[in-house]
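Student: I would like to practise reading a helical model from its packing. Can we go through it feature by feature?

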Amino acid sequence: MMLLEAQNPETIGLGSLILKGGWLMIPLGLLSAITIFIFFERFWVIRQASGKTDSGFMIKIRDLVYEGKIEQAIQYCRSRRSPVARMIEKGIMNIGRSKADIQAAIENVANLEVSRLESGLPFLATTAGGAPMVGFLGTVLGMVQAFMDMAAAGGSVDLSILASGMYTAMITTVGGLVVGIPAYFGYNFLVARIEKLVFQMEANTIAFMDIVTAKENPMIGTGGGAPNFGGR
């Protein structure tokens, strides 16, 4: 009978195991929940921003600008509701001013758009570095508790006495890594998506400045040297 009990040790459920990690599991749990929310919310926003601008967008803008339909071009940009469209809209609204002014206006809008896209990412970066540190704090506290329990037991070493402190030490370490590692990869994934969108914004800015140059130069605007987008 004793042998059977030794072969079938008592199992601990996930909930009970988390509770044994102590009060530090509460901030780790909150960090985990907020990290998941921010990641999926930012992923959706960035995906929407990237998918609303196709290759035909700048072709349509070029045609409207060349035809002098500035107001229609502005309304077309507003209908797209994307960072690229808002940048080009600002550039269209400044047509007639110097190229430097147009470029500055577009860059100002671009900076605001990138700032909006990056909202929440600092929290992911902080969690990626901070969650393992919280787990390490739990490790230190657990070890201190284990030694205090050992001292209170009068020097007699019993694993059951040390179990509470060791649970806190190990479980908080695992918890910190479980929260920090996904936050780290999620942060870098979103940053890469934003960088790809920024490249798209820069490419469309260059294309728009080519349109402005062609419009200001009749030899380019009416001849065969007009900017070509999408093979058109």
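What follows is a dialogue on a predicted model, taken from the overall fold to individual residues.

Student: How many helices and strands are there in the chain?

Tutor: Begin with the element count. The chain has 10 helices and 0 strands, so its order from the N terminus is simply α-α-α-α-α-α-α-α-α-α.

Student: What share of the 232 residues is buried?

Tutor: Buried residues account for 34% of the 232 residues in the chain. Contact separation is another whole-chain value. Among contacts with a separation of 6 or more, 76% join residues 24 or more positions apart.

Student: Which residues touch the most other members of the largest nonpolar core?

Tutor: A core is read through its membership and its best-connected members. Here the largest nonpolar core has 33 residues, and Phe 57, Ile 61, Ile 88, Ile 92 and Phe 208 touch the most other members. The elements giving two or more residues to this core are helix 3 (25-51), helix 4 (56-66), helix 5 (70-80), helix 6 (83-93), helix 7 (99-117), helix 8 (121-152) and helix 9 (159-216). Helix 9 contributes the most, with 9 residues. There is also a second, separate core of 6 residues, including Met 25, Leu 31, Ala 131 and Ile 171.

Student: Which residues is Ile 88 in contact with, leaving aside its neighbours within four places in sequence?

Tutor: With those neighbours set aside, Ile 88 contacts Phe 57, Met 58, Ile 61, Cys 77, Asn 204 and Phe 208. Of these partners, Phe 57, Ile 61 and Phe 208 are also among the core residues that touch the most other members.

Student: Why is helix 6 described as largely enclosed by the rest of the structure?

Tutor: The reasoning rests on a count of buried residues, where buried means under 20% relative accessible area. In helix 6, 8 of the 11 residues are buried, so the helix is largely enclosed by the rest of the structure. The buried residues are Pro 83, Val 84, Ala 85, Met 87, Ile 88, Glu 89, Gly 91 and Ile 92. The list includes the charged residue Glu 89.

Student: How do I read the packing of helix 5 against helix 6?

Tutor: Take the axes, then the handedness, then the residues. The axes of helix 5 and helix 6 come within 8 Å and cross at roughly 160°. Angles over 145 degrees count as roughly antiparallel, and helix 5 and helix 6 are therefore roughly antiparallel to each other. Their crossing is left-handed. From helix 5, Ile 70, Ala 73, Ile 74, Cys 77, Arg 78 and Arg 80 meet Ala 85, Ile 88, Glu 89, Ile 92 and Met 93 of helix 6. By class, this contact of helix 5 with helix 6 has 8 nonpolar, no polar and 3 charged residues.

Student: Which residues make the contact between helix 6 and helix 7?

Tutor: The geometry again comes before the residues. The axes of helix 6 and helix 7 come within 8 Å and cross at roughly 155°, and these helices are therefore roughly antiparallel. The crossing of helix 6 and helix 7 is right-handed. Helix 6 supplies Pro 83, Arg 86, Met 87, Lys 90 and Gly 91, while helix 7 supplies Ile 102, Ala 105, Ile 106, Val 109, Ala 110 and Glu 113. The residues of this contact divide into 7 nonpolar, 1 polar and 3 charged.

Student: At what angle do helix 4 and helix 5 pack?

Tutor: Helix 4 and helix 5 pack at about 160°, with their axes 9 Å apart. They are therefore roughly antiparallel, and their crossing is right-handed. Gly 56, Phe 57, Lys 60, Ile 61 and Leu 64 in helix 4 meet Gln 72, Ala 73, Tyr 76, Cys 77 and Arg 80 in helix 5. The contact of helix 4 with helix 5 comprises 6 nonpolar, 2 polar and 2 charged residues.

Student: Where is Arg 81 found, and is Arg 81 buried or exposed?

Tutor: A loop residue can be read by its backbone and its accessibility. Arg 81 lies in the loop between helix 5 and helix 6. Its phi is near 50°, a positive value in a residue other than glycine. Arg 81 is exposed, with a relative accessible area of 61%.

Student: Is Ala 146 buried or exposed?

Tutor: Ala 146, in helix 8, counts as buried at 5% relative accessibility. The C-alpha atoms of Ala 146 and Thr 168 are separated by 9.3 Å, with the two residues 22 apart along the chain.

Note on methods. Residues numbered from 1 in each chain as written. Predicted model: local features only at pLDDT ≥ 70, side-chain atom pairs only at ≥ 80, totals over all residues. Heavy atoms only, no water. Core = buried A, V, L, I, M, F, W, Y, C linked by side-chain atoms within 4.5 Å. Buried < 20%, exposed > 50% of the residue type's maximum accessible area, 1.4 Å probe, protein only. Helix = DSSP H or I, 4+ residues; strand = E, 2+ residues; numbered from the N terminus. Contact = heavy atoms within 4.5 Å. Axes fitted to C-alpha atoms, helices over the stretch in contact; angles between N-to-C directions. Parallel < 35°, antiparallel > 145°, perpendicular 65-115°, else oblique. Left-handed = near helix turned anticlockwise from the far one by under 90°.
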